[in-house]
Number of protein chains: 2
Amino acid sequence: MKFVTIDDVRAAADRIRSHVVRTPLLAARWGDEQRPLWIKPENLQPIGAFKVRGAFNAISALSGSAATGSGPTDVVAYSSGNHAQAVAYAAAVHGLTAHIVMPEETPNIKVHATREHGAQVVLCAAGERETVAARVVAETGGMLIPPFDHPDVIAGQGTIGLEIAADLPEVANVLIPVSGGGLASGIGVAIRALCPQARIFGVEPELAADTAQGLARGHRVDWPIEDRNRTIADGLRSQPSDLTFAHLQQVLDGVITVAESEIRAAVRELAYRARLVSEPSGAVALAAYRQGVTPPGPTALIVSGGNIEPQMLRQILDESVPD
Amino acid sequence: MKFVTIDDVRAAADRIRSHVVRTPLLAARWGDEQRPLWIKPENLQPIGAFKVRGAFNAISALSGSAATGSGPTDVVAYSSGNHAQAVAYAAAVHGLTAHIVMPEETPNIKVHATREHGAQVVLCAAGERETVAARVVAETGGMLIPPFDHPDVIAGQGTIGLEIAADLPEVANVLIPVSGGGLASGIGVAIRALCPQARIFGVEPELAADTAQGLARGHRVDWPIEDRNRTIADGLRSQPSDLTFAHLQQVLDGVITVAESEIRAAVRELAYRARLVSEPSGAVALAAYRQGVTPPGPTALIVSGGNIEPQMLRQILDESVPD
């Protein structure tokens, strides 16, 4: 297995620079005194999530060869979430055709948004996504862009770590949401290399804590999808691959798990105190921070995305009002 | 009358760099095709509004002389809004004592937030703010930091224009909320100097459109405060001074006025599409953009602040849901 290196992450940064937002690291003066809080608002990326970084890095490599007539002109992805939008968007920018395979039960709003980016949407039965995607790859000669299980995708997400290291070299703790593990793997590689003093924590919902359990046991564990589907954090229901799990074993100091009520409170806190709209998956790192269990020192956390249904946002904001 | 120059704005940028967020200019792909939309999210500044730029520039000059024992060690401001927080915050960073004069009817949440920054809050009867502030200045020897009627404050707000010119040199339109006019004056100076092709538009609520009327008539006009208080955009109820009005006459190509319902719709659009929480005053430039009356071409607008009461945010989000 080939591990992603800091050089891979640096190369990704050069590739994607003109396509992604160089997000600021926001000092949040309302944090804990022992752990000065810094927020990396990746919900401000095009399509509203960090996923554009990995998608652009994977597709940019392709696009060079496509331009010379030597590479594919189509890309394929299976996702009903932010990865779908990211691949559709990055493909459109590079003039490639994107085919996005989505389950039939995907909300219309997401199908519509994906088509708005110019992508071909292929609907399929639940559980058939990978099979259908493989067929589309065979038919179109397109290149499959997986949501996390690919070195270029991991390296792209890792560019967030480069930016944190540049903005806050003295960082003591970095808190990162974990689902398939691409984001935490990439950031972990960058932070380990550039800020060796920092502790790196993954964050999972208690209801989808397969990585916390797997790292404790020393091997990947499989949670039934029905169990993982219980969390409101719909972007955190995936599980690491062999590739990302191996990275997480190397780079994480631990995994913090958070309750559903803590996730909802963090969405509210981000809206009222940081003026950021986040999706539940995007707010878990703040929920973990609020447990106060990490070592003291400057703490950076990733708000990974902001794609929340209006109705859910209104419901969560209505639940409680801070003083 | 001495006008603020681009050199003043550049000097301000050097002074405030380490204290304010270098906000990104966010490409909003959901804009109008004829007018590609770019958003400057000043709601992400410390204290949640652009006001820190002017406050830091005015206080930084002071602070140099205070450090050598030659300047005042106290600053004074009268404001119940974002300027109060900004002065309190900037003073605390520079180790100065801030005295903030606020009307007795100021909501507790704002008094509390100002004290949290370490400021002394002086409550006074409505309409007495300026008199009381003058007394505090006499008693403490402090320096008064006005919310807009000061060249250093204007130059500080103008640093936003420098950043827009750097990020989008081909900008065709810039839309800026107007109240006392410090923000539009400063940005106007910078954009006129660096992007001479750009049109610069102020934006006001219809219910506080004194500047639109004044510029049309060629002189300042005075609207009764009871009239201006009707708008939900509580940060846009001030009127220009001689200094800012003269700047606005030089730099603005026009003023667009927006209805209350358009302001509320813009708050919703910013939450759902840009993932930003804005206050009503912060959203008026998007409301103006949505009228589609500006010339075609790349359009940058300022989201000037995000300090909205939780109850008001929930109420506005509940009013309607976009598809």
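The legends below describe close-up views of the contact between chain A and chain B in a predicted model.

**View 1. The contact between chain B and chain A as a whole.** Chain B contributes 29 residues to the contact and chain A contributes 29 residues, and together the two chains bury about 2500 Å², of which 63% lies on carbon and sulfur atoms. Of the area that chain B buries against chain A, 28% is supplied by Arg29(B), Arg275(B) and Arg314(B), which is more than any other three residues supply.

**View 2. Salt bridges and polar contacts between the chains.** Two salt bridges are counted between chain B and chain A; Arg314(B) forms a salt bridge with Asp318(A), in which the closest N and O atoms are 3.1 Å apart. Ten residue pairs, with both residues at pLDDT 80 or more, are in polar contact between chain B and chain A.

**View 3. The side of chain B that touches chain A.** The elements of chain B that give two or more residues to this side are strand 1 (26-32), helix 11 (260-273) and helix 13 (310-318), and helix 13 of chain B gives the most, with five residues. By residue class, this side of chain B divides into 17 nonpolar, six polar and six charged residues.

**View 4. The rotation axis that relates the two copies.** A turn of 180° with a shift of 0.0 Å along the axis lays chain B on chain A with an RMSD of 0.0 Å, which is the relation of a two-fold axis. Leu276(B) is the residue of chain B that comes closest to the rotation axis, its C-alpha lying at 2.5 Å. Because 100% of the interface residues of chain B are also interface residues in chain A, the copies meet through the same surface.

How values were computed:
Residues numbered from 1 in each chain as written. Chains lettered and ligands numbered in written order. Predicted model: local features only at pLDDT ≥ 70, side-chain atom pairs only at ≥ 80, totals over all residues. Heavy atoms only, no water. Contact = heavy atoms within 4.5 Å. Buried area = accessible area lost by both parts, 1.4 Å probe. Salt bridge = Lys/Arg side-chain N within 4 Å of Asp/Glu carboxyl O. Polar contact = N/O pair within 3.5 Å; in protein donor to acceptor, adjacent residues only side chain to side chain. Helix = DSSP H or I, 4+ residues; strand = E, 2+ residues; numbered from the N terminus. Nonpolar A, V, L, I, M, F, W, Y, C, P; charged D, E, K, R; others polar. Least-squares fit on C-alpha atoms with pLDDT ≥ 70 in both.
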